[in-house]
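This briefing covers one protein chain. It goes from a single residue outward to sheets, salt bridges and totals for the chain.

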Amino acid sequence: MFNKQTTLDLGGPKLGFTTDPQNLTVNTGTGATFFAIGTATFPADIPAQFATNTGIVTFRWYVDDAQVFDNSVFTGTGTTTLQIASNTVGKTVFCEADYIPSAYGLPGVAVTVGSARSTGNAINEPVRSASAVLTVTPELSIVTQPEDVIFAVGTAVTIGVNAALSNNATDGFGYQWSINGNDLTDGTADYGDANLTVSGSTNNVVTLTANSIEATTFLTTKVVVSNPNAFNTPVTSNTKDITVLPSRPIIKIEQIDNSSVADLSQHNLDPNEDGEITFTDATHPYNQICIYSPEQNLSLEVDLFGGSGLTFNEGTNENGQFPGGDTSAGEGGYSKIQFTMDKNVEYIITGLYDTVNAPFLYRKSNLIACVGEGGDGGQLGEGGDGGGVNIRGENGSGVDAGNGGNGIDPGNLTDSGIFGTQFEFGEGQPLYAEDSRYSEGDTRGGRSIKCSKGIYYRDEGFSSCQDVGTVKFRLSDGTEVTNTGEIERGFKAGYNIMETGGDKTTGDGGNGGNGATGGNAGGSGGGGGGSGYHDGSVTVVSTQQGGSTDAAKVIVRLVT
């Protein structure tokens with residue numbers, strides 16, 4: 001058997017802190033310093049020759065219960081002094097002390113083998129200091145500054161600011177808006193040459209409504225933001241410009257296709273500014289063109305031109321004529337109407353593209369006016385002219401020609417319609433139970449409907465003539481067109497039955513024109529023109545069969 005000698009930690013020191021770290025309060029971004037003093041003492045009953053303390057007390061710092069090490073934020077992590085360089089949130093801090101024993105010699109005894117001794121381990125190691133709390137007073141800042149605004153009499157504008165505390169707290173914010181250095185209060189008062197109604201003067205968003213002005217008015221605004229929890233309260237925003245203009249005949253234009261982003265523009269209808277504006281598929285090549293007045297109600301005059309049909313261009317004789325006679329295309333119908341465009345209400349121009357070639361004008365969901373497309377020429381006869389609003393389409397001419405679309409009295413379109421046989425149903429294209437389509441080979445034209453039905457909104461339970469609220473435009477699948485205005489809307493994209501022309505059954509006849517009711521196609525003669533329509537809400541200045549020899553277009557101007 002072997003004997004093995006072991007050492008015992010007899011009489012080791014006891015660790016303790018004579019100075020604990022203390023609570024601190026600092027501003028965001030300011031450094032903090034914590035102190036802790038730890039000692040190792042021997043019990044009084046240990047003989048002096050065994051209480052020679054040559055060991056070492058070591059220190060470790062913890063922040064939020066995790067040990068920290070020297071880096072760009074923390075220094076002194078192994079000493080009695082911890083420095084934190086920069087703070088944005090509060091922390092809990094404590095220090096932990098440990099004892100490293102050390103060898104020593106007995107007094108008066110030469111150091112020989114076996115004569116050295118070692119201090120014992122501390123009897124309570126490691127030991128932890130009291131915890132201290134680092135409280136950081138947050139900083140107040142303006143994240144989003146207000147912007148310059150320009151608006152006109154009769155309209156309102158909002159000016160906003162976004163402020164935040166560095167600790168992300170959301171309570172305690174106060175706001176005070178001013179104009180030209182004078183604090184605002186809610187209510188109506190004169191500011192310079194403008195009479196304004198103010199709402200939200202102590203909110204983060206203030207609303208200004210221009211009631212009247214004596215002349216174009218230039219003002220300045222800023223907002224003072226406060227929060228009693230911040231060390232730097234209050235803070236003041238940038239000073240921004242406010243321009244108040246006389247009311248202007250502005251229309252905003254949203255060109256919308258199959259994208260979540262529209263092509264936006266605006267047009268001043270004042271004859272001394274931009275004047276009238278013409279919409280064609282060439283100038284505005286989008287399926288839906290939304291126009292609205294953001295500043296005031298406008299008295300508008302609108303010219304509607306149906307597109308002309310196609311000329312039959314095969315089988316000419318040596319004189320450049322078809323054997324049966326004149327085979328030119330029918331002209332599109334023409335009408336001049338007037339109506340009031342209500343402020344911030346959606347008006348949709350559509351049907352200018354090739355597959356319809358007849359303008360349809362909607363106020364929200366309601367079809368308020370359309371004119372007919374001319375019928376195509378056939379081998380043995382010309383196409384019939386399209387009708388203006390409230391006028392039927394002209395019959396085609398020649399052998400076995402197509403009849404023009406029947407006229408419909410103002411407001412008498414129904415909620416059920418018929419697709420013309422020219423319309424090609426694509427994959428997934430719905431045909432609602434109340435609507436129909438003539439069978440293939442049928443040459444008859446169809447009939448439009450009084451209100452757009454759409455796809456998304458129908459699935460959401462909206463009826464065809466129902467408004468959808470003050471919202472942005474939505475595509476047929478429900479996709480929101482994100483940059484469109486939040487205005488009163490009702491138009492429902494994807495299903496409105498404008499393709500009403502009849503399809504020819506042979507290569508000799510002409511197709512019928514699209515319109516409120518489509519023209520019938522001809523067997524060998526020309527196709528009939530489509531009819532026009534209005535719902536009774538517009539004033540008809542003039543209307544006629546024919547008169548348009550080009551593609552479909554719409555001209556908008558102020559009533560003079």
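In this predicted model, Asp385 is buried yet takes part in no salt bridge. The nearest side chain of opposite charge belongs to Arg392, 12 Å away. A salt bridge needs a side-chain nitrogen of Lys or Arg within 4 Å of a carboxyl oxygen of Asp or Glu, so Arg392 at 12 Å does not qualify as a partner for Asp385.

**Surroundings of Asp385**

- Asp385 sits in the loop that runs between β34 (366–370) and β35 (418–419).
- The backbone nitrogen of Glu331 is reached by the side chain of Asp385 at 2.7 Å.
- Leaving aside residues up to four places away in sequence, Asp385 touches Gly330, Glu331, Gly374, Gly393, Glu394, Gly529, Gln545 and Gly546.
- Glu331 therefore appears both in the list of residues that Asp385 touches and as the owner of the backbone nitrogen at 2.7 Å, where the cut-off for a polar contact is 3.5 Å.

**Sheet of 5 strands**

- Five strands form an open sheet in the order β28-β41-β30-β31-β40, and the pairing is antiparallel.
- The edges are taken by β28 (277–280) and β40 (539–548); each has a single partner strand, so one side of each is left without a neighbour in the sheet.
- From one strand to the next, the twist averages 20°.
- Within this order, β41 stands between β28 and β30, and the antiparallel pairing of β30 (residues 298–305) with β41 (residues 553–558) runs over 6 bridges.
- Phe305 has Lys553 of β41 as its bridge partner.

**Sheet of 7 strands**

- A second open sheet, with 7 strands, has the order β27-β26-β29-β32-β33-β34-β39 and antiparallel pairing.
- Its edge strands are β27 (263–268) and β39 (533–534); each pairs with a single strand, so one side of each is left without a neighbour in the sheet.
- Inside the order, β32 (residues 347–350) and β33 (residues 360–363) pair in the antiparallel sense over 4 bridges.
- Tyr347 stands opposite Arg363, which is in β33.

**Lys252 in strand β26**

- Lys252 is found in β26 (residues 250–256), a strand that follows β27 in the order of the 7-strand sheet.
- With a relative accessible area of 29%, Lys252 counts as partly exposed, because the class lies between the buried limit of 20% and the exposed limit of 50%.
- Apart from residues up to four places away in sequence, Lys252 touches Ser265, Gln266, Cys290, Ile291, Tyr292 and Pro294.
- The side chains of Lys252 and Gln266 are joined by a polar contact of 3.1 Å.
- Asn344 is 92 residues from Lys252 in sequence, while their C-alpha atoms are 9.6 Å apart in space.

**Salt bridges**

- The chain has 17 salt bridges.
- Arg489 and Glu254 form one of them, with 3.0 Å between the closest N and O atoms.
- Arg489 lies in β38 (residues 487–489) and Glu254 in β26, so this pair ties together parts that are 235 residues apart in sequence.
- Arg489 and Glu254 are both buried.
- Lys336 forms a salt bridge with Glu301, the closest N and O atoms being 3.8 Å apart.
- Lys336 belongs to β31 (residues 332–341) and Glu301 to β30, so the pair ties together parts 35 residues apart in sequence.
- Lys336 is buried, and Glu301 is buried as well.
- Lys336 and Glu301 also belong to a network of salt bridges that links them with Glu276, Asp303 and Arg557.
- Asp435 and Lys453 form a salt bridge, with the closest N and O atoms 2.9 Å apart.
- Asp435 is in the loop between β35 and β36 (436–437) and Lys453 in the loop between β36 and α1 (456–459), 18 residues apart.
- Asp435 counts as buried at 6% relative accessibility, and Lys453 counts as buried at 2%.

**Chain totals**

- The secondary structure consists of 1 helix and 41 strands.
- Of the 560 residues in the chain, 46% are buried.
- Among contacts between residues at least 6 apart in sequence, 67% join residues at least 24 apart.

Terms used:
Residues numbered from 1 in each chain as written. Predicted model: local features only at pLDDT ≥ 70, side-chain atom pairs only at ≥ 80, totals over all residues. Heavy atoms only, no water. Pairing = 2+ DSSP bridges. Helix = DSSP H or I, 4+ residues; strand = E, 2+ residues; numbered from the N terminus. Axes fitted to C-alpha atoms, helices over the stretch in contact; angles between N-to-C directions. Buried < 20%, exposed > 50% of the residue type's maximum accessible area, 1.4 Å probe, protein only. Lys, Arg positive; Asp, Glu negative; His and termini not counted. Polar contact = N/O pair within 3.5 Å; in protein donor to acceptor, adjacent residues only side chain to side chain. Contact = heavy atoms within 4.5 Å.
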